[in-house]
Amino acid sequence: MYLDPDVSHAVKILIVGHFGVGKTTCIGSISEIEPLQTEEEITEASEGFDDLSRTPDKVTTTVAMDFGRLTLSESLVLYLFGTPGQERFKEMWESLSRGALGALVLVDPERLQESFSILDLVERFGLTYAIGVNRFDGTTDYPLDEVREALNLAAETPVVACDVRDQQSSAQALITLVQHLMTTLG
Amino acid sequence: MRDEADQEPVTPDEVDLDLELTGDLVPLFVITKGRALPPAHQFSHTTLVTAKKDAHAARQLSPEARSVLDLVADGYLSVAEVAGYTHLPLGVVRILLAQMEESDLLVVRNPVPSAERPDRELLSAVLDGLKTRFGA
């Protein structure tokens with residue numbers, strides 16, 4: 001449960017994607033602890049709520065977020081935060097993206113249109129990212145070039161196929177992201 | 001909903017009751033004794049904390065603060081883990097930890113990188129760690 005007493009460096013990577021894309025499964029497949037949840041209070045405009053006449057301008061809601069942990073050496077620990085991709089959670093994005101190494105963006109090839117707004121958020125918060133194309137039950141491998149084209153990705157952005165239920169596959173997607181982060185240092 | 005025509009003029013008490021229904025604000029306010037959140041960079045998700053050796057002797061802690069202190073008595077955990085294990089909202093945990101640090105009850109290790117961009121050495125250590133761990 002506790003970290004190695006010599007752990008002095010904690011880093012984080014965000015696992016990002018729309019609802020149901022496999023963020024929690026991905027974290028669960030590689031975390032050394034049973035994934036935990038934080039509950040965070042966010043304020044948001046009351047627009048879209050049914051009874052505008054009775055609600056104040058801002059309402060407070062609670063967002064639950066899954067995360068996991070990976071000890072990488074005696075002194076280094078990595079936290080993985082499953083970050084919901086909705087625009088209305090941008091308050092949470094602000095605190096999570098601060099100091100994050102980068103983001104692994106999980107996409108469902110059958111629902112690529114739902115990933116556009118997420119890529120907008122990732123880019124707005126200045127996060128370097130790689131795309132993990134999650135393979136779902138009963139689906140065949142999707143041509144990665146088509147995903148790249150559909151999402152209008154920069155040529156250097158890595159796109160990897162993965163099965164987030166599989167530990168090795170999730171780990172490989174993370175490794176691809178970190179290798180990409182190193183190349184962007186120039 | 002009640003019939004507006006039969007209603008007494010709204011008193012401050014009734015307004016408060018209505019507001020209470022919208023969320024957990026009141027109990028959280030009580031737990032944290034009305035303290036504001038610490039600045040964003042303090043006690044972030046990945047800040048590591050543990051209790052000082054003599055911290056258990058601290059008096060006048062709320063039950064919630066006591067549960068946080070007990071949790072980190074035997075080793076380091078991240079702020080996010082403290083929130084996860086105690087089931088307290090992250091904001092409450094951050095406020096409680098800031099209070100405890102003021103009372104000199106905690107050892108705190110801030111996350112890296114503190115700069116905008118991670119450096120090569122750090123990324124290299126992350127990469128090596130992942131490869132070693134997963135044999136990739």
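**Axes of helix α4 (residues 79-86) and helix α5 of chain B come within 9 Å and cross at roughly 115°.** The axes are lines fitted to C-alpha atoms over the stretch in contact, and the angle, from 0 to 180 degrees, is taken between N-to-C directions. Helices (H or I, at least four residues) and strands (E, at least two) are DSSP runs, numbered from the N terminus. The model is predicted: local features need pLDDT of at least 70 and side-chain atom pairs count only at pLDDT 80 or more, whereas totals for chains, interfaces and linings use all residues. Residues are numbered from 1 along each chain as its sequence is written, while chains are lettered from A and ligands numbered from 1 in the order in which they are written. The crossing of α4(B) past α5(B) is right-handed, that is, the near helix is turned clockwise from the far one by less than a right angle, anticlockwise being left-handed. From α4(B), the residues B:Val79, B:Val82, B:Ala83 and B:Thr86 make the contact, and from α5(B) the residues B:Leu90, B:Val93, B:Arg94 and B:Leu97 do so. Residues are in contact if their C-beta atoms, placed from the backbone, lie within 7 Å. By class, this contact of α4(B) with α5(B) holds six nonpolar, one polar and one charged residues. Here Ala, Val, Leu, Ile, Met, Phe, Trp, Tyr, Cys and Pro are nonpolar, Asp, Glu, Lys and Arg are charged, and the others, Gly among them, are polar.

**Helix α3 (residues 63-71) of chain B crosses helix α5 (residues 90-102) of chain B at roughly 80°.** The two axes come within 10 Å. The angle makes α3(B) roughly perpendicular to α5(B) (65 to 115 degrees; under 35 is roughly parallel, over 145 roughly antiparallel, and the rest oblique). On the side of α3(B), B:Glu64, B:Ala65, B:Val68 and B:Leu69 take part; they meet B:Val93, B:Leu96, B:Leu97, B:Gln99 and B:Met100 of α5(B). Sorted by class, the contact of α3(B) with α5(B) comprises seven nonpolar, one polar and one charged residues.

**Three strands of chain B form an open antiparallel sheet in the order β2-β1-β3.** The edge strands, each paired on one side only, are β2 (77-78) and β3 (106-109) of chain B. Strands count as paired if DSSP finds at least two bridges between them. Strand β1 (residues 48-51) of chain B is joined to β2(B) by two bridges, in the antiparallel sense. In this pairing, B:Val49 has B:Leu77 as its bridge partner, and B:Leu48 has B:Ser78. Strand β1(B) is also antiparallel to β3(B), through four bridges; there, B:Leu48 is partnered by B:Arg109. Along β1(B), B:Leu48 and B:Thr50 point one way, B:Val49 and B:Ala51 point the other way, and all are buried. A residue is buried if 20 or more other C-beta atoms, placed from the backbone, lie within 10 Å of its own, exposed if 12 or fewer, and partly exposed in between.

**Two loop residues of chain B, B:Gln60 and B:His87, have positive phi values without being glycine.** B:Gln60, with phi of about 55°, lies in the loop between β1 and α3 of chain B. B:Gln60 is exposed, since 6 other C-beta atoms lie within 10 Å. B:His87, with phi near 60°, belongs to the loop between α4 and α5 of chain B. B:His87 counts as exposed because its C-beta neighbours inside 10 Å number 12.

**Chain B has six helices and three strands.** From the N terminus on, the elements follow the order α-α-β-α-β-α-α-β-α. Chain B has 136 residues, of which 30% count as buried. Of the contacts in chain B between residues at least 6 apart in sequence, 68% join residues at least 24 apart.

**A hairpin of four residues joins strand β3 to strand β4 in chain A.** Strand β3 (residues 58-71) and strand β4 (residues 76-84) of chain A are antiparallel and pair over five bridges. Within this pair, A:Leu70 stands opposite A:Leu78 of β4(A).

**Chain A contributes 41 residues and chain B 38 residues to the contact.** On the side of chain A that touches chain B, the elements giving two or more residues are β1 (9-17), β2 (36-45), β3, β4, α2 (90-97) and α5 (167-183) of chain A. The most is given by α5(A), with nine residues. By class, this side of chain A has 24 nonpolar, twelve polar and five charged residues.

Methods. Two residues are in contact if their C-beta atoms, placed from the backbone, lie within 7 Å.
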